[in-house]
Amino acid sequence: MVELTQFFQDYLQKKPLFKSKVVLQSNYTPEYIPHREEQIQTMAGILAPVLRMEKPSNLFVYGKVGTGKTVVTKYVMSQIENVAKERRLPIKIIYLNCKLKRVADTEYRMLAHLAKEFGIDIPPTGLPTDEVYKTFLKYINTKKQLLIIILDEIDQLVKKSGDELLYNLTRINSELNNVELSIIGISNDLLFMENIDPRVKSSLSEEELVFPPYNAVQIQDILRERSRFAFDSEIIREGVIEKCAAYAAREHGDARRALELLRVAGEMAERKNKYSIELEDIDDAEEKIERDKVLDLVHTQPKQFQLTLLSILDISQNVTEGPIFTGDIYEIYKSYCKSVALKPLTQRRVSDIIAELDMCGIINARVISKGRYGRTREIRLGIPESTVHSIRGALKEGLSL
DNA sequence: CGAGATTCATGTGAAGTATACCTTTAGGCTTAA
DNA sequence: AAGCCTAAAGGTATACTTCACATGAATCTCGTA
């Protein structure tokens, strides 16, 4: 006990490594966003009419992960909100991430979530979807106002629930007389609009904005800018920023990843009682991020998903080489179900689950034909070999195996 | 030898089922006039 | 008679199952050169 007290004492005595950790977190909206002046300007231009209480065009934002779509959008929105508040303009902006499982991944849930923003409670199930529409519309139509709805990662939603809901959304305006509603769709998938009903397409993307990936130098700028607020200057060793940027640029210029790398590297260093961030901390950070990402994702998934993943991990450890096939997974999965006393799902369902795991990026699955020997998914792990073991361990523990 | 038929192991779509939850409604009970 | 509560009826969303059919290249079959 005494030792622990001492430990905490020491901890507090120690000069903290971080000056401010928030600025490195992914939900932080910085004041200054390097290399996105153009996009900010354009977006501001498109949305400026709201301040005159005119409905701005619907906007569609494209760009790969970590190119600043969300940050820029949120930034512009907060600016608009500020002005609106100052002038007491009845403008309401709602941000909604459609990817979050069990939050907004169906039309119904998206609406329910939207409604919740207005303080309307919609039950998790039971109501007809168009009834929810009516309730929602009726409520927002009671007051004259301008509404901007931001649908982040909208491609995920449409992939799951079809593009009908987009059509419904675009039609909302004609049902309302007090309210003008604009939609900002954000998509990681550059080809997203290709397979969409042309009617919807034209009305939903009246304006489009493309975010190109950052290059390594730009990411360095971003990192420097943020670390200025996050750390004292002497903490970051030579080459650290460069290395973070290089790691992140390796894929396609994912700034979010770069920032996360830097933050976690800081945390690693802090835990090692160091007062500086060195190159090796970045490598540790990379591994930890990968592991945490999967773990976090996995823990929030239903047991069945966990079991399926565990089965995949199992095989990949035993069968070091070569791809994994659905049938093998299903066999192992079933045996695990037995030992956890859980009713196994059908192979049909497990097949879908595997497809979903693929969507999450934990695994890479693709359908191949093995000719005479049938047809199956060829599955490879999408996570580094080094983390497999610890993930597997954590999974087993979580399932009390 | 090569074109077409077969075959395997599973993908995939549609339709059905179970469950959990919703609103509506009708009946019964209580209460107050 | 009005008001309130309850339980049944009728409806929906979601996760899952069942059924049936689709796939597509390795392999087989068999007619032909």
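Here is a short chat about a predicted model of a protein with DNA strand B.

Biologist: Let's start with the open sheet: in what order do its three strands run?

Modeller: The pairing in this sheet is antiparallel. β6 (324-325) and β7 (363-369) stand at the edges with a single partner strand each, so one side of each has no neighbour in the sheet. That gives the order β6-β8-β7.

Biologist: And which residue of β8 is the bridge partner of A365?

Modeller: β7 and β8 (residues 375-381) pair in the antiparallel sense over seven bridges. For A365, the bridge partner in β8 is I379.

Biologist: Which helix packs on that sheet?

Modeller: Look for a helix that touches both β7 and β8. Its direction makes about 125° with that of β7. The helix is α15 (residues 347-360).

Biologist: Now the DNA. Which elements each supply at least two residues of the surface near DNA strand B?

Modeller: There are 17 residues around DNA strand B, and among those that come nearest are T326, R348 and R375. By class, this surface has four nonpolar, nine polar and four charged residues. The elements that each supply at least two are α14 (326-340), α15 and β8.

Biologist: What share of the DNA strand B atoms within 4 Å of the protein comes from sugar and phosphate?

Modeller: Some individual contacts help to picture this. A polar side-chain atom of S351 lies 3.3 Å from a phosphate oxygen of DNA strand B, and a polar backbone atom of R375 is 2.8 Å from a sugar or linking oxygen. Over the atoms of DNA strand B within 4 Å of the protein, sugar and phosphate account for 67%.

Biologist: How far is the side chain of R348 from a base oxygen of DNA strand B?

Modeller: R348 is one of the residues that come nearest to DNA strand B. Here the pair is an N or O atom in the R348 side chain and a base oxygen, and the distance is 2.7 Å.

Biologist: Let's move to N177. Is N177 buried or exposed?

Modeller: N177 lies in the loop between α7 (164-175) and β4 (179-187). Its relative accessibility is 63%, and the cut-off is over 50%, so N177 counts as exposed.

Biologist: Which residue's side chain does the side chain of N177 join in a polar contact of 2.8 Å?

Modeller: Not counting residues up to four places away in sequence, N177 touches N141 and K144. The 2.8 Å polar contact between side chains is with N141.

Biologist: Last one: what separates the C-alpha atoms of N177 and R349?

Modeller: Along the chain, these two are 172 residues apart. In space, their C-alpha atoms are separated by 45 Å.

Key: Residues numbered from 1 in each chain as written. Chains lettered and ligands numbered in written order. Predicted model: local features only at pLDDT ≥ 70, side-chain atom pairs only at ≥ 80, totals over all residues. Heavy atoms only, no water. Pairing = 2+ DSSP bridges. Helix = DSSP H or I, 4+ residues; strand = E, 2+ residues; numbered from the N terminus. Contact = heavy atoms within 4.5 Å. Axes fitted to C-alpha atoms, helices over the stretch in contact; angles between N-to-C directions. Near = heavy atom within 4 Å. Polar contact = N/O pair within 3.5 Å; in protein donor to acceptor, adjacent residues only side chain to side chain. Nonpolar A, V, L, I, M, F, W, Y, C, P; charged D, E, K, R; others polar. Buried < 20%, exposed > 50% of the residue type's maximum accessible area, 1.4 Å probe, protein only.
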